[in-house]
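Here's a quick briefing to read with the coordinates open in your viewer. Have a look around first, then come back for the notes.

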Amino acid sequence: MNSEAASLTTLAITTLVVTIGCSVLFTAFFPKSKYLRYLAFVFIPITHLAIFAASIFFELSPLVLNWFSIKNLNFDIHLSFGLTKSSVCLVITLVLIFIQIPFIQLKSTTNKKHLRIQACLSVFSLIMCFSVLSDNLFCFFVCIECLGLLSSFIVSMEKSSTTESTRVFFLNKLSSIFFLVAIVLIATDVNSLEFNNVQAAYKSIESYPNLRFSVYLLLASCLCKGAQLPFSSWIISATKANIYVSVLLHTVTIVGIGIIFITKCYFIFDAVALSGKIMIVVGFLTAIWMGLSSVFHVDIKKIIAASTASSVGFMFIASGLGEYSTSLLYFVCHAFFKTIFFLSFAYVVYAVSGETNVLKMGGVKERIPNIVDLVWVSFLSTIGFPFFVSFFAKTAFFSSIFYTENKWMLFPTIFINIISIISFLRLIMLSIHGKTRMDSQALLHIKDITGKPLAPPWLFITIAVFGSFIAWSMYEWQVLHFGAYGIVYSRAPMEYIWGCLIEIMQVIIAILFVSEPTKSEKNKTQKTIKFVLVSIFKDNMISDFVSHNVYVAGRQIIKLLTLFNRGLNKAIDSSLSKFIELSSDCLCKLYKDKIVNQTYWVFLGIILCMSYIVLQEIYGI
Amino acid sequence: MIELNLVSILILLPILGTVFVFLSANSTLCKSTALWNSAITLILSFTLLTMFNFSKNTIQYIDEYNWLPNYGIKYKVGLDKFSLPFICMISLICFLTKLWILKKKIHKTKYFLAAILLFESFSIGAFCSYDLFLLLVFLESTTIPIIIMIFSSEKNYSKNAVMQFLMYGMLSTICITIAFVSIYNSCGTADLLQIYKHKHLLGPIPFWLLIVGIAVKIPIFPLYYWLPEVHVQSPTTCSVLLGSIALKFSSLILLRILFPVFYDQIMQYTKEISVLCVISMVLSCSNIFMQDDLKKIFAYFSILHMNMCMLIFLSGIGLRYFVFSLLSHSFVLAMLFFSTDAIHTVLQTRSIVDLKKNSPQLVLIKNIMFSNILILIGVPLTSGFMVDIVSVYASYKLSAIYATILVFIILALSTYLFFTYQSIFNQLKNKTDTKLEIPVGHLQINSISKKMVFVTISTCILFLGIFSSKVLM
């Protein structure tokens, strides 16, 4: 029985890898046929769905492959299936399928670059699935290394994206370096990288000298992958890539891998209490900062990317409170609703022939009625409208904050949520409604989607509603976890009614905040809301004193924040490229003038030697 | 009656090949003769790999004949499990260099090919020999073919390189020779297996002399200046042989003499040697940032990588990881230097500034550079990834500071290389930039033999990366 199960696991994993390998090889032949592309990039993920679904019902034993070993320390690839793992993999693969379909439908002119991007996306989601299935620190490390490299290479496929892709590369490499050092620390102390052995070691953390430091390194790595505050610049840079790439990057895969790691290895972060506090503080700061900056960006992709980072901040807050299951539920629901939102705006961008600047859009409501419907439904599912996709996640999040000791945290989180709703409203108003700001040439090329291409997004919305419901019921049955559930409490049905009220209140507050209460008349409410929504963010049209002041104050805050952000980015950039170039220029000049010769290097080396000896003498390093 | 084992045949075959090369009439015949010769050597070395008994811990295939019986010096060759992979690597890379120059015009073809064959023979001999003086003779004879190769290149300024190479080489030769003679005097025998038994008789002087000798060959900090100069000014085949084979003679001395004989001294002075290694890593990394020539970048990368191997050796986690990282270094360097040659034949330049101006026109160069970058960064499934992990682990065993320095070097280097690659191939071009005229020569790279070389080396790197547990066993 046992060997049978093991062989089944091997079969499943090899099928996954081989099919993806086939679809990658497939790009080399450069097929013009649409049906072949459907076969390679949609049918194969559907088989993966079947495999993951089957793995829920069959008990599959773990698969252990030895990569290499140093003495007794094994660096293994260790994968195992389970209910939660398989469900998360199902979600990831579902999102992949519904990204690939519009990609094939809307990019009708085949280009080798598009094929390559599609293959990259398939590989990307499979690696993400492996990271979910992994039961070993080394296996997880390989996954995050691959994801970081792949994401920077996908971004670099766009033209003139050197700084962006280098920033993505640098921050992802930094996070994997943190992870590598943590692995080395754990390996020298525990002499094993399996989760079980590591968990046993962290229970008696005081007896190991290095483990406390390794917690902070792992936390830094997760924060880096989750685009949290000191490292958040890469998520905005990554929007340089194709919009379909952004959908996958910013919803389920690389942004969420930190959360996946924290929920899988909760024992590491439970061992040191300070790590939870760091998570809460950083999560809060990021959520506020990125939420506010999403109100003031003008690029569609950047707006949604910033709001993603703020959502990930919510997940970090939940994890910091010890509510690992809630953060996992939020991750799953976020995958659904952010994909819907991003995809509907991918259709909008398609309709206006590739324009992503919201200030050059607007006034296309009558021309693209189908897409507008889609956008509004996706808006409802994103803001947490009762019994839509994100409702369960947000209600669970708020109520789990309510049940902890820090009840006051409810107000800032609700405030952040309101800000994100405002940013979404503004995005929709500016891009679709109001007066048009497009060129006359561009106006001619507006095209709505009709017929077959309309089916996949609606199908995905229905799947997402059911999927989030299933995820929520798993959460309520307390099976949605990788080992730690969080605070166990029973909810009364009343709470969900409260949740409905809170969500609706938030939407109303957001609209009130945006609109002018004095001028609104009953019969003209709709028009005024639209008018003001557009006008509040433009200097010349603001009449109301209050909204003007709010706007100015908000703008000042944002200016400060962006200055800080820019400084941070500049520091990263300059330390990378400009500093290197400048210093190399100086050194090259010296070198050419023969002031610096071999003797210089010898001299420098001697200085280093001397300083080492001095350090050794004083501090005994 | 003389009975020769397969090992001796491996040493003698390339020498026989040189005779045939000198006898053959024209240059194409020369090339094919040399190619067939080393193909046979390659096949023989891989049959050795299948026939070898890895479970035994002793020397196998021993050939022993008296050479200078008055002094007790013998011709003694054999194989152990550490030298066998090196021999396969040497024969493979020599075969690939000949395959590479198959369709290429070279100056003084006969001398050049004879030099490669002689180099192959001597280096295989050095890795097999179990006699102190035989080892010395083989080791020092390898400098002659390299000098011939540098001289046979058409450039005028190669005199400087030869001078550098000779000066530093002489230093290491003198040190190693004196050390060997003193070992011979105090032990009274030249047989390495006998010396292992008499190691308590030896003083500290030969140890330090040998350390200086290998510090030139690795190269470690104060003595590393010659390597980039020689690499830049020598022809590609020469730098491939130099980078992937000649640097490994340092590891030969480490494995054959220093590790078994002077084990206690190495353990005693680990700290001092490893400081030098880390310093040379830092210096070579900082040197990479300001180079314009691709070959110089790769040469400094080679220094960095060799010092990482040294750290693995010094940490004492196991000799097999040391050997593995050296093999990885060989294949990676061969790949890098072959690709610089490919770029040079197409664009007639190796400068990054020139590449920035006109390379995006060629998909071929982009692909070559892309594979290079993947290898240099250490993507999972390549051997560099494993070497990175093992060297960080090893350096942490030595000291936490070394691990931090190494990690930052890896981070800075990979980011710099990625940035350089992106700025070459992914920047929007100004129309005012002058473009170099591309000669028809780029068709040369499309020949099957050159593609074969790239495919073979990258398969080797992937094999080392994926099946590393089997290689390590």
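What follows covers the fold of chain A, one helix pair inside it, and the contact with chain B. Keep in mind that this is a predicted model.

**Chain A overall**
- Helices dominate the element list here: chain A has 24 of them, alongside 2 strands.
- Half the chain is tucked away, with 50% of its 621 residues counting as buried.
- Take the contacts in chain A with a separation of 6 or more: 79% of them link residues 24 or more positions apart.

**A helix pair: H8(A) and H11(A)**
- Two packed helices are described by the angle between their axes and the distance between the axes.
- For helix H8 (residues 211-225) and helix H11 (residues 257-264) of chain A, that angle is about 145 degrees, and the axes sit 7 Å apart.
- On the H8(A) side, the residues involved are A:Cys222, A:Leu223 and A:Lys225.
- Facing them from H11(A) are A:Ile257, A:Gly258, A:Phe261 and A:Ile262.
- Sorted by class, this contact has 5 nonpolar residues, 1 polar and 1 charged.

**Where chain A meets chain B**
- Chain A puts 41 residues into the contact, and chain B puts in 37.
- On the chain A side, at least two residues each come from strand E1 (63-70) and from helices H5 (137-155), H6 (162-190), H23 (545-592) and H24 (598-619).
- Which element gives the most to that side of chain A? That's H6(A), with 13 residues.
- The side of chain A that touches chain B breaks down into 24 nonpolar, 13 polar and 4 charged residues.

Notes: Residues are numbered from 1 along each chain as its sequence is written. Chains are lettered from A and ligands numbered from 1 in the order in which they are written. This is a predicted model: local features need pLDDT of at least 70, side-chain atom pairs count only at pLDDT 80 or more; totals for chains, interfaces and linings use all residues. Two residues are in contact if their C-beta atoms, placed from the backbone, lie within 7 Å. Helices (H or I, at least four residues) and strands (E, at least two) are DSSP runs, numbered from the N terminus. Ala, Val, Leu, Ile, Met, Phe, Trp, Tyr, Cys and Pro count as nonpolar, Asp, Glu, Lys and Arg as charged, and the others, Gly among them, as polar. A residue is buried if 20 or more other C-beta atoms lie within 10 Å of its own, exposed if 12 or fewer, and partly exposed in between; C-beta atoms are placed from the backbone. Axes are lines fitted to C-alpha atoms, for helices over the stretch in contact, and angles run from 0 to 180 degrees between N-to-C directions.
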